[in-house]
Structures are given as structure tokens and as C-alpha cells.
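Visitor: I would like a close look at how one pair of helices packs in this model. Please go from there to the other packing and to the empty space.

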Amino acid sequence: MSWIRESELSLLQKIAANILKAGPMPKHVAFIMDGNRRFARKKNVERQEGHMQGFNKLAETLCWCQHLNIREVTVYAFSIENFKRAKAEVDGLMELAKQKFTRLLEERDNLEKHSVCIRVLGDLTMLPLDLQQLIAKAVFETRTHNKCFLNVCFAYTSRHEITNAVREMAWGVEQGLIKSSDVSEALLSKCLYSNNSPNPDLLIRTSGEVRLSDFLLWQTSHSCLVFQSVLWPEYSFWNLCEAILQYQFNYRSIQKARDLHREEQELQQLEADRACVAEVLQHHGNGKPADAQRRQEALLHYTACREERVQDFLEALKHKRDSFFTDLASQAVAR
């Protein structure tokens, strides 16, 4: 089954899509694709068949998103917690992933035609080396595509991602790239696996479970969360429309919360910069208070230096991560 489908919507679906697009549309939608195993039990088929049907539904859903002008999709494909499942099921999921990423690489022309960028978010070192190499090759070969983005969370949990981001900042301090005072909520966001993407506007979970299961906890604090009872392999265009309607009903409150949070972040950063400047001035001024003009000049200088440090650190971090994928992709080519 192809990752990229080129099917058309029915007349009724086109009408519904045009009505929805008259309102505010989510640009980034995240899916917790839950219910594959229950679907298999319901249909009395093997679990692996349930997971296969789940992948087929993903391909169909990506097509619907394309018709609805949703440019970015993030999916929870494999949690770190899933490694605790029966070995036969985990091995089957790894084999399915190998098949699908191999198929993805065979669809280079189609991916280029639609300019689809594939990103895989998670701790890839937990995966078999041959799967790591396939993933790295897919990421490397689509890195310049910029019309549609598919983020596949694989060997992922949000707590692991946040912990890794803290480690990256500690590495930056250790390397002398940033100061401990540069660490902030905004910087942590830029150290997450998802740093290249805007936060999701809408998160959808299927199968009736009402929990996030350690998925994008940081990124969805100001997103619309929709929980639907349908099993993932039975998901329909109309289920997606229903979720988008809920997003539209809540659009104003979501935007207001995001604006307030952005203002609070800016204010917190300003106060942190002022505290650092006050400490420096007090140290160099032998305890004498500085006048307002000197404080303002010092604040502007400190802010510019901090922003330059942070930018250099983020470039070093990007180089480190890019090198990981480049090295793996080159190993795959050499095989």
C-alpha cells in the first residue's frame, strides 16, 4: 500500500471540505492512531493484520488532509512503552516498519512531486540498525521538500523527549555554547525533537480512550484535543470533519490562550535578562546603582549577546542531529 494516495473526494465530501475551509482550518494535526488491536479482535484476524489496516488508514487520512489543506501531520506510530509488549508483536511491528519505509523509498518520485518532507521523531538508537538506516535515508532524501510534512513519532514518549531536551541544554552549557542563565522554556521548546514544526493546532485520539499516553505533552498545552470512539482502521473522512468542527468552535479561545502564553514567555525572558544585567552592573559598579540609560544600554547589549549564544548553540545542535541522520543514511547506501 502506497504512502501517498492520489484519490479524489466524492462530490459530497468536496462540498463538506469547501464549507469547512470557509472557517479557520488547522495547519498541523496530530493523531494518536489507537484501536488497531481491538479492530483485529473485532474482525477475528491476526494483530499484525490490524496494524496493517492501521497503516492503510494513515495513507487514506493523509490524502484527506491534503484535500483539506492541512500541510503538516504528526502521528504516534510506536511508543517506547510498546517495547513492553509480547516479543512476537514487537518483532512484527519492526518488520512492518521496515516494509513501509522500504516502500517509502521506492516512492521517491511521488514524494518529490508532492514535496513531502518525512521526519521521524524519537530515540532511533532503540531500533534495529537496519531500520535506523532506512529511516535515516527517508529523512535525508526528503529533507528539502517543503509543501507537506509528515512527522512519524517512533520509539517516542514525550517524557523521553523532554528529558533529552534538558540533556541537550546541559551539553550546551558543558561545551560553553550557552550559559545556565540562558536556559528557558522557549529554549527547551527549540531542543525538542519537534523543533522544526509549529505546535499542533488539533490533536485527535481514536478508540474512545481519553488520555494522551505520553504523546506531545509539551506541544499540545494550547491545542484542541478531540477524543473519538471510532477504532483507527475504521476512521472516516466524516470523523475528521467532526474533529475539525470542534477545532473551529474552540478556535478563538485557543488563539487567545496561545497569545497570552507568548506574552508571558516574552515577559519572563525580559525579567530574566534584567536580573542578569542587574547582577553584572552591581558587580562592576562596586555596589553603586546605575542610571536608567546605562541599565537600558546594558540590557540591550546583554540581550543581543544571549540571542547570539543561543543561536550558535542551536546551530551546533542541528549539526549534531543532522550528522546522526547523514551518517546512518550513508551506511544504508554503502550496504
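Guide: This is a predicted model. Start with helix H4, residues 87–106, and helix H6, residues 129–141. They pack at an angle of about 30°, and their axes lie 9 Å apart. Angles under 35 degrees count as roughly parallel, and H4 and H6 are therefore roughly parallel to each other. Their crossing is left-handed.

Now the residues in that contact. H4 brings Met 94, Ala 97, Lys 98, Phe 101, Thr 102, Leu 104 and Leu 105. H6 answers with Asp 130, Leu 131, Leu 134, Ile 135, Lys 137, Ala 138 and Glu 141. By class, the contact of H4 with H6 holds nine nonpolar residues, one polar and four charged.

H6 also has a part in the largest pocket, where it supplies at least two residues of the lining. Strand S3 (116–121), helix H7 (158–174) and helix H11 (292–334) each do so as well. H11 gives the most, with 11 residues. The volume of this pocket is about 1,100 Å³. Its lining counts 31 residues, and the closest to the pocket centre are Asn 195, Lys 318, Arg 321, Asp 322 and Phe 325. Sorted by class, the lining has 12 nonpolar, eight polar and 11 charged residues.

Next, a second helix pair for reference. Helix H2 spans residues 36–43 and helix H3 spans residues 47–67. Their axes come within 8 Å and cross at roughly 120°. H2 and H3 are therefore oblique to each other. The crossing is right-handed. On the H2 side, the contact uses Asn 36, Arg 37, Phe 39 and Ala 40. On the H3 side, Arg 47, Gly 50, His 51, Gln 53 and Gly 54 meet them. The contact of H2 with H3 has two nonpolar, five polar and two charged residues.

Last, the enclosed space. The structure holds two cavities of 30 Å³ or more. The second largest has a volume of about 60 Å³. Its lining draws on His 28, Thr 74, Leu 121, Asn 151, Ser 194 and Ser 197, among others. Pro 198, Asn 199, Pro 200, Leu 216 and Gln 219 also line this cavity. No charged residue appears in that lining, which has four nonpolar and seven polar residues. The lining of the largest pocket, by contrast, includes 11 charged residues.

Key. Residues are numbered from 1 along each chain as its sequence is written. This is a predicted model: local features need pLDDT of at least 70, side-chain atom pairs count only at pLDDT 80 or more; totals for chains, interfaces and linings use all residues. Side-chain values use heavy atoms; hydrogens and water are left out. On a 1 Å grid over the protein atoms alone, a cavity is a set of points where a 1.4 Å probe fits but cannot get out, and a pocket is an open set with protein on both sides within 12 Å along at least five of seven lines; lining residues have an atom within 4 Å of a point. Grid points are joined across faces, edges and corners, and a volume is the space filled by probe spheres set on the points. Ala, Val, Leu, Ile, Met, Phe, Trp, Tyr, Cys and Pro count as nonpolar, Asp, Glu, Lys and Arg as charged, and the others, Gly among them, as polar. Axes are lines fitted to C-alpha atoms, for helices over the stretch in contact, and angles run from 0 to 180 degrees between N-to-C directions. Helices (H or I, at least four residues) and strands (E, at least two) are DSSP runs, numbered from the N terminus. Angles under 35 degrees count as roughly parallel, over 145 as roughly antiparallel, 65 to 115 as roughly perpendicular and the rest as oblique. A crossing is left-handed if the near helix is turned anticlockwise from the far one by less than a right angle, and right-handed if clockwise. Contact means heavy atoms within 4.5 Å.
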